[in-house]
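Subject: Handing over the structure

Hello,

Here is the structure I promised to pass on to you. Have it open while you read, and the notes below will walk you through it.

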Amino acid sequence: MVDSKMVLTGQTLAYTLYCIVIILLVAWFSIKVTGKGNNLAVKPTLFYTFVGFLTVLGVSLHLITYNTIPWAEMDLHRQDYKPDKTFVITVKDHQFIMPSEILSINVNDKVLFDVKSEDLTYGFGLFRADNSMMFQMQVVPGHRNDILWNFDREGVYTIRSTEYSGPKGVFMIKKDAVHVLPAINKN
Amino acid sequence: MSFTKTLLNGEQGLFKSETLTPMQKLTLRFVVVGLIYFGFVVIEGMLMRLYEVKPLPFITEPQFFAILTAHPLVGIFGSTYLIVFGAFLFLVPFLMKKPLWSIKLGNWTFILIAIGTFTFWFAGFVSHYAPLYTLYWPLPADFKQFSVWGGTFFITGIALVMVGSAFFVINIFKTITYTPEGWDKQPSKALLASALGITGFRNLFTKNKKEHIVPLPVAAVARGSVDVALNTAIILFTGVLILVYMIAAIMGFDLKSSAIDALLYKNWFWWGLDLIADGLVLIFVAGTWYLLATMISGKPLFMQNIARAALLVELIVSWTVWSHHLLSDQAQPAILKVLSGEMVTAFELITQGLAFFITLATLWSARPLKMTNPLKFLLAGLLGFALAVPAGIMQADVGLNRILHNTQWVVGPHVHVAILVGLNMTLYSVIYILFPIVTNGAKMYSQKLVNVHFWCHLIGGIGMGAFMGMAGLKGMLRRSLYINGEFNLYMIFAAICGTLLLIGFIAFFYNILMSVGIKGVIGIFTPSKLKTKDLVPAN
């Protein structure tokens, strides 16, 4: 499965390329608009082509990500999936109250994290050892906050609140709290 | 002229505040105080940039988050609202060729926003009240963490700003529709219909097409003002709600915070708050680009009718996009995430792209143009939004939001590039083009300083956004602290770019001060000796 790190690499490349192109375009325009030349009007065809391009781009971005980012479809339809494991976590007074000190998962497990806040709005995110983000969600009091994630490789992950809940929220970190272990043969 | 004389009297002594009309003084007051508040924002931003590299010994963590709370609010209300409202209170009568409906109300707008901003900034500074601008329920009413008195003054300050904003909206619509004394009766309903786009909409379905009687930039101001009004109502309502909890706490009652549904609150608050970021800012900016392009080029706007229609689409889009802020809220209905959060939000790529194209095409029709200060800053403003809007569209995606939400990506390449480069450069373009008009022909002190300001701001703004974005892609959260220097490399580069922004601002501020002189600045705040409602002196 494509990892979230890979998705971000793709995004970085695409956006960097776009930035270079648009900066060069505006620089080119700045030179040309002040340079000698005929004051020709822009043809409406070019305008409508541009509008069409933007429309295709705007819509296709979401269609592409929906069909290529592995968690997008599962996230929107998570009620249709049966999780292999469920962890119910409570958050209160800027503390994660976990079902166990270490949450153990096996590779290829679909895991549901069901996080409940008893006071403020928090966040819930899993981070790799290099601090990069695996995923996150908001944790809103009085509502169900659940995320289904398919773990396809071994690793150790840290839980961190991803939403500001006052200065104390900065320290809402459970270091190395999630361990993804080798797969179990389910047959 | 000697340095001291220029500092006192301005460049060549050309700026004479006693020759200013009440309208010119009003506009300049808005701009001067707006720029002072921008100075607050730059300094606060720089302090936070340094703190992100290494915690500063004289700033505590609660103080850091109090700065983080005040920073965007001072930037939006104290700086941007003041400069934009000041410019529009001048431009709408200028374009409608009639006096402002009420200069007195304009002054009240200025006073309320200026005092309101200082009130919430000072309340945050003293009490460290820090629920951030998002005010996620029940954080603003969490009196275990925050001072109830500090919060009360903070919210009161915001409420004053909102009342000032409401006065601005009334003044704008009254100016468009009223009949000045001694004039023939103005068709107020037709003017309002044209300003809001109802005329243009009717024209789509009738053969008997009516002429647009309100200039396009005024239509943009009117439509953006609709979002200002709605936003004002939502923020005021939310402020009153929070104040109820605060006053109850002061009186010794502990109201249950669970009485308010946190998700419903988040939806209405973001609906209102997003009318700024995805509503009035984009509409005002598009209208300002069109005005600048026609003023700079001296040509009619390219595809004017499409531009007018796009402004109406943008207004409707702005009412329906809020859900992109709730893509990571799992209780938010999926249909809202996809329709409002993704699809309608994608329209902003189209509407803003159209504005970008139309502005460039209008400028192109007049080539060769001279690279004046307004043109230079306008092009930079266009570039800012061209960089920032797609960054926003990317994060407004169900899949990508899962790994981008609340990271530095959101606040770097999207928010800061949009505001610092897109919005601010556009505002600077307006300031440079209006400067000779509102000062009766004062001259800029130094073109070199203008260039220093331009390049420092452009490189600093894009650079800071880029390094914040890189950190975000590596997992760095916003609204958080990394005290072990996990992202120091990116934060050091971001701080260097922040320093460039600071240098740019100092160059600009010094240049303006030397252009109008200290006496001139003081003169702006004294009552005008001219008893006229005209925008500029008659002769």
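The domain assignment divides chain A into domain 1, residues 4-68, and domain 2, residues 83-181. The C-alpha centres of these two domains of chain A are 37 Å apart. Please keep in mind that this is a predicted model. The predictor gives the complex an ipTM of 0.95 and a pTM of 0.95. For chain B the mean pLDDT is 95, with 100% of its residues at 70 or more.

How the chains meet

A good place to begin is the contact between the chains: 65 residues of chain A are in contact with 67 residues of chain B. On the chain A side, the elements giving two or more residues are α1, α2 (44-68), α3 (70-76), β5, β6 and β7 (145-151). Which of them gives the most? That is α1(A), with 15 residues.

Helix α1 of chain A covers residues 4-34, and its 31 residues reach 45 Å from the first C-alpha to the last, close to the 45 Å expected at 1.5 Å a residue. Its buried residues are A:Ser4, A:Val7, A:Leu8, A:Gln11, A:Cys19 and A:Val33. They pack against β6 (133-139) of chain A, and also against α11 (334-364), α12 (373-395), α13 (398-404) and α15 of chain B.

From chain B, take a look at α15 (residues 447-473). Its end C-alpha atoms are 39 Å apart, which agrees with the 39 Å that its 27 residues should span at 1.5 Å a residue. Is this helix mostly covered or mostly uncovered? Mostly covered, since 19 of the 27 residues in α15(B) are buried. Just after α15(B) comes B:Gly475, which takes a positive phi of about 105°.

Another residue to find is A:Asp75, in helix α3 of chain A. Why does A:Asp75 count as buried? Because 23 other C-beta atoms lie within 10 Å of its own, where 20 or more are needed. Leaving aside neighbours within four places in sequence, A:Asp75 is in contact with A:Leu148, B:Val398 and B:Arg402. The C-alpha atoms of A:Asp75 and A:Asp146 are separated by 9.5 Å, although the two residues are 71 apart along the chain.

The nonpolar core

The largest nonpolar core has 232 residues, and B:Ile176 and B:Tyr290 touch the most other members. Helix α3 (residues 61-96) of chain B gives the most to this core, with 23 residues. Domain 1 and domain 2 of chain A both give residues to this core, so it lies between them. Beyond its neighbours within four places in sequence, B:Ile176 is in contact with B:Val92, B:Met96, B:Leu191, B:Leu192, B:Ala195, B:Val214, B:Val218 and B:Ala222.

Strands of chain A

Strand β3 (residues 103-106) of chain A has two faces: A:Leu103 and A:Ile105 are on the covered one, while A:Ser104 and A:Asn106 are on the uncovered one. In a regular strand, side chains alternate between the two faces of the sheet. Strand β3(A) runs parallel to β9 (residues 173-181) of chain A, and 4 bridges join them. Within this pair, A:Asn106 stands opposite A:Leu181.

β9(A) also holds A:Asp176, which has a positive phi of about 50° although it is not a glycine. A:Asp176 counts as exposed because it has 11 C-beta neighbours inside 10 Å.

A:Gly125 is in strand β5 (residues 122-127) of chain A, and it is buried, with 26 other C-beta atoms within 10 Å. Apart from neighbours within four places in sequence, A:Gly125 is in contact with A:Met133, A:Phe135, A:Gln136, A:Arg160 and A:Thr162.

Backbone details in chain B

Where are the cis peptide bonds I would point you to? One joins B:Trp137 and B:Pro138, with omega about 5°, and B:Pro138 is in the loop between α4 (103-127) and α5 (148-177). Another joins B:Arg367 and B:Pro368, again with omega about 5°, and B:Pro368 is in the loop between α11 and α12 of chain B.

Finally, B:Lys97 has a positive phi of about 60° although it is not a glycine. B:Lys97 lies in the loop between α3 and α4 of chain B and is exposed, with 8 other C-beta atoms within 10 Å.

Enjoy exploring it!

Best wishes

Key. Residues numbered from 1 in each chain as written. Chains lettered and ligands numbered in written order. Predicted model: local features only at pLDDT ≥ 70, side-chain atom pairs only at ≥ 80, totals over all residues. Domains from an automatic or database assignment. pLDDT = per-residue confidence, 0-100. Buried ≥ 20, exposed ≤ 12 C-beta atoms within 10 Å, placed from the backbone. Contact = placed C-beta atoms within 7 Å. Expected span 1.5 Å × (residues − 1). Pairing = 2+ DSSP bridges. Core = buried A, V, L, I, M, F, W, Y, C linked by C-beta atoms within 7 Å.
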